Amino acid sequence: STVFFLNTVFTEKAVNMYSYPWGGPRCYLKRFARVVCNIDTIDLARIAEEAGIDFRIVVLRRSIGAAVVSASLHRPYGTLVSESRMLIQSWALLRTHLNILDPDFYIEIKYEDMLSEPEESVKRLIAHLNIPEGSFLNKWFLKFLKSSAKTHPVGNPNKWKSEVDEKQLSYMKDMLHLDRNYNN
């Protein structure tokens, strides 16, 4: 059996994920068009089924508030308002897709858990992807996640709340109810 990863994009500087929304370099470079740049997981699943491919989806989900603050205040992807709007639309679309798909075809892992509990996250990931436990890929995942956990410690997952003022928070309020972890 062979595992193919559709979510990686190799550039000169890094290996990036197809994150929601992303959809490819054309959308990535045009930040105002990114709201419409979502991968159609329903079509991918249908195409994979027609081709006899065991299609699996891994959703690495970060809290919405932290994602907005990261994309708008820490990096120049857009304004807090534009990132809030884009992420709420993309999250609604992805959630709709996941509700349509058979739950056996996707797994959701919280970003914070991936970094704070790399061993447990790798166990869940390889089980979902049907990767043998002692395989090279299993060992690589574990090594990579442990390294990431050291270089990107989770710390306080609610830190983003202290980085926005009341006005900025008000722009985000409509979407925060979608995040199951907002009140945690």
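Select helices H3 and H8 to begin: their crossing is right-handed. This is a predicted model, and the tour moves through it one selection at a time.

**Stop 1: H3 against H8**

With both helices shown, look along the place where they meet. Their axes lie 10 Å apart and the helices pack at an angle of about 135°. H3 and H8 are therefore oblique to each other. To see what makes the contact, show the side chains of Ile-64, Gly-65, Val-68 and Leu-73 on H3, and of Gln-168, Met-172, Met-175 and Leu-176 on H8. By class, the contact of H3 with H8 holds six nonpolar residues, two polar and no charged.

**Stop 2: H3 against H4**

Keep H3, hide H8, and add helix H4, which covers residues 80-100. The axes of H3 and H4 come within 9 Å and cross at roughly 135°. These two helices are therefore oblique to each other, and H3 passes H4 in a right-handed crossing. On the H3 side, the contact is made by Ile-64, Ala-67, Val-68, Ala-71, Ser-72 and Leu-73. On the H4 side, select Leu-80, Glu-83, Ser-84, Leu-87 and Trp-91. The residues where H3 meets H4 divide into eight nonpolar, two polar and one charged.

**Stop 3: Ile-64**

Now select Ile-64 alone. It is in helix H3, which spans residues 64-74. Ile-64 takes part in the contact with H8 and also in the contact with H4. Is Ile-64 buried or exposed? Its relative accessibility is 8%, so Ile-64 counts as buried, the cut-off being under 20%. Next add Ile-88 and draw a line between the two C-alpha atoms. Ile-64 and Ile-88 are 24 residues apart in sequence, and their C-alpha atoms are 8.3 Å apart in space.

**Stop 4: the largest nonpolar core**

In soluble globular proteins, nonpolar side chains tend to be buried together. Here the largest nonpolar core has 23 residues. Which of its members touch the most others? Select Ile-57, Val-68, Trp-160, Val-164, Met-172, Met-175 and Leu-176 to see them. The elements that give two or more residues to this core are helix H2 (41-51), strand E3 (57-61), H3, H4 and helix H8 (166-176).

Stay with Ile-57 for a moment. Leaving aside its neighbours within four places in sequence, Ile-57 is in contact with Thr-41, Leu-101, Phe-105, Tyr-106, Ile-107 and His-128.

Apart from the largest core lies another, of ten residues. Ile-109, Val-122, Leu-125 and Ile-131 are among them.

**Stop 5: H6 against H7**

Val-122 and Leu-125 lead to the next pair, as both belong to the H6 side of its contact with H7. Show H6 and H7 together. They pack at an angle of about 145°, with their axes 9 Å apart, and H6 passes H7 in a right-handed crossing. The H6 side consists of Pro-118, Glu-119, Val-122, Leu-125, Ile-126 and Leu-129. Facing them from H7 are Asn-138, Phe-141, Leu-142, Leu-145, Lys-146 and Ala-149. Sorted by class, the contact of H6 with H7 has nine nonpolar, one polar and two charged residues.

**Stop 6: Arg-124**

Arg-124 also lies in helix H6. With a relative accessible area of 34%, Arg-124 is partly exposed. What does Arg-124 contact, leaving aside its neighbours within four places in sequence? Show Ile-107, Glu-108 and Ile-109. Glu-108 is 16 residues from Arg-124 along the chain, and their C-alpha atoms are separated by 9.6 Å.

**Stop 7: Asn-130**

Move to the loop between helix H6 (118-129) and helix H7 (136-151), and select Asn-130 there. Phi of Asn-130 is near 55°, a positive value in a residue other than glycine. Asn-130 is partly exposed, with a relative accessible area of 46%.

**Last stop: the whole chain**

Finally, clear the selection and show the full cartoon. How many helices and strands are there in the protein chain? There are eight helices and four strands. From the N terminus on, their order is β-β-α-α-β-α-α-β-α-α-α-α. Colour by accessibility next: buried residues make up 36% of the 184 residues in the protein chain. Among the contacts with a separation of 6 or more, 60% are between residues 24 or more positions apart.

How values were computed:
Residues are numbered from 1 along each chain as its sequence is written. This is a predicted model: local features need pLDDT of at least 70, side-chain atom pairs count only at pLDDT 80 or more; totals for chains, interfaces and linings use all residues. Side-chain values use heavy atoms; hydrogens and water are left out. Buried means under 20% relative accessible area, exposed over 50%, partly exposed in between (1.4 Å probe, protein chains only). Axes are lines fitted to C-alpha atoms, for helices over the stretch in contact, and angles run from 0 to 180 degrees between N-to-C directions. Angles under 35 degrees count as roughly parallel, over 145 as roughly antiparallel, 65 to 115 as roughly perpendicular and the rest as oblique. A crossing is left-handed if the near helix is turned anticlockwise from the far one by less than a right angle, and right-handed if clockwise. Contact means heavy atoms within 4.5 Å. Ala, Val, Leu, Ile, Met, Phe, Trp, Tyr, Cys and Pro count as nonpolar, Asp, Glu, Lys and Arg as charged, and the others, Gly among them, as polar. A nonpolar core is a set of buried Ala, Val, Leu, Ile, Met, Phe, Trp, Tyr and Cys residues joined through side-chain atoms within 4.5 Å.
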